[in-house]
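Got your viewer ready? Here is a short walk through one model, one selection at a time.

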Amino acid sequence: MRNLIITTLTLSLLFAGISCKRRDRVRVQHTEEEAPQLATTVHMADPRSSSQLLSGFHDIEQNAWRWTTGKFAVLLRAPRGSAEKGALLRLKFSVPEPVIGKLNAVSLKAVIHGTGLAPETFTQPGEFTYERDVSATLLGKDSIKVEFVLDKWLPAGAVDQRELGVIVSSVGFESK
């Protein structure tokens, strides 16, 4: 009986020791999240890249496009190798009938680091692509601010409460 008591006491102490062990505490580590990387091309339907729309863009419509104002700007990542080879700037947009109906023609140009790219004039409504070669000298940084300027636009109140320029679906650089 004495052996039984000793064995029971020993096992009790053993289990008590196991159950009283300190458990590892959870340690909270603060990590620095990477900032989202800029996109080389911004699709108006992608809400993740809306932070790259710097100015002159209205809210997204039909989950696909945005109206602009007469001046609008976007921040784009320069494509790989563009500092040596240059790149192609491509803006996909539409000029709606109400704009052409009231203004007859609209000219669009892009400006990068104060350098204007050749303008293009649109006299018919429809979908268009404004494409321009961008020299390597303008693409030496990781992020490039591209400003677009229309020569004419619809002022607020003409057909909408907002100032209206063109309808953009995407804008970006393509490697050469």
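Select β3 and β10 to begin: in this predicted model, the two strands pair in the antiparallel sense over 2 bridges. To see where they meet, pick Trp67, whose bridge partner in β10 is Ile167.

Keep β3 (65–77) on screen and add β9. These strands also run antiparallel to each other, and 7 bridges join them. Click on Phe72 here, then look across to β9, where Phe148 is its bridge partner. Both residues will come back later in the tour.

Next, bring in β2 (53–61). β2 and β3 are paired in the antiparallel sense as well, over 5 bridges. Leu53 is a good residue to label, since its bridge partner in β3 is Val74. Now follow the chain from one strand to the other: the hairpin has 3 residues between the strands, and Gln62 takes a positive phi near 50° there.

With these partners displayed, how many of the 13 residues of β3 are buried? The count is 10, so the strand is largely enclosed by the rest of the structure. Thr68 makes a handy example. This residue sits in strand β3 and is buried, with a relative accessible area of 0%. Show what surrounds Thr68, leaving aside neighbours within four places in sequence, and you will find contacts including Gly56, Phe57 and His58, along with Leu150, Glu163 and Val168.

Time for the rings. Searching the whole structure gives 6 aromatic pairs. Start with Phe57 and Phe72, an edge-to-face pair with 5.4 Å centre to centre and 75° between the planes. Why does this pair tie together parts that are 15 residues apart in sequence? Because Phe57 belongs to strand β2 and Phe72 to strand β3. Both of these residues are buried.

Then move on to Tyr130 and Phe148, which form an edge-to-face pair too, at 6.4 Å centre to centre with 80° between the planes. This one links distant parts of the chain: Tyr130 is in strand β8 and Phe148 in strand β9, 18 residues apart. Tyr130 and Phe148 are both buried. Now select the four rings together, as Phe57, Phe72, Tyr130 and Phe148 form one aromatic cluster.

From the rings, widen the selection to the largest nonpolar core, which has 39 residues. Which of them have the most contacts inside the core? They are Leu89, Val146, Phe148 and Phe173. Colouring by element helps here: those giving two or more residues to this core include α3 (97–103), β4 (87–95), β5 (106–112) and β8 (126–134), as well as β9 (143–150) and β10 (167–175). As a general backdrop, nonpolar side chains tend to be buried together in soluble globular proteins.

For the last stop, centre the view on Ala87 in strand β4. Is Ala87 buried or exposed? It is buried, with a relative accessible area of 0%. Turn on the residues that Ala87 touches, not counting those up to four places away in sequence: among them are Pro79, Ser82, Arg132, Asp133, Val134 and Phe173. Leu139 is another residue that Ala87 touches. Draw a C-alpha to C-alpha distance between Ala87 and Leu139 to finish: they are 52 residues apart in sequence and 8.1 Å apart in space.

Conventions. Residues are numbered from 1 along each chain as its sequence is written. This is a predicted model: local features need pLDDT of at least 70, side-chain atom pairs count only at pLDDT 80 or more; totals for chains, interfaces and linings use all residues. Side-chain values use heavy atoms; hydrogens and water are left out. A nonpolar core is a set of buried Ala, Val, Leu, Ile, Met, Phe, Trp, Tyr and Cys residues joined through side-chain atoms within 4.5 Å. Buried means under 20% relative accessible area, exposed over 50%, partly exposed in between (1.4 Å probe, protein chains only). Helices (H or I, at least four residues) and strands (E, at least two) are DSSP runs, numbered from the N terminus. Rings of Phe, Tyr and Trp (its six-membered ring) pair if their centres lie within 6.5 Å; planes under 30 degrees apart count as stacked, over 60 as edge-to-face and the rest as tilted. Contact means heavy atoms within 4.5 Å. Two strands pair if DSSP finds at least two bridges between them.
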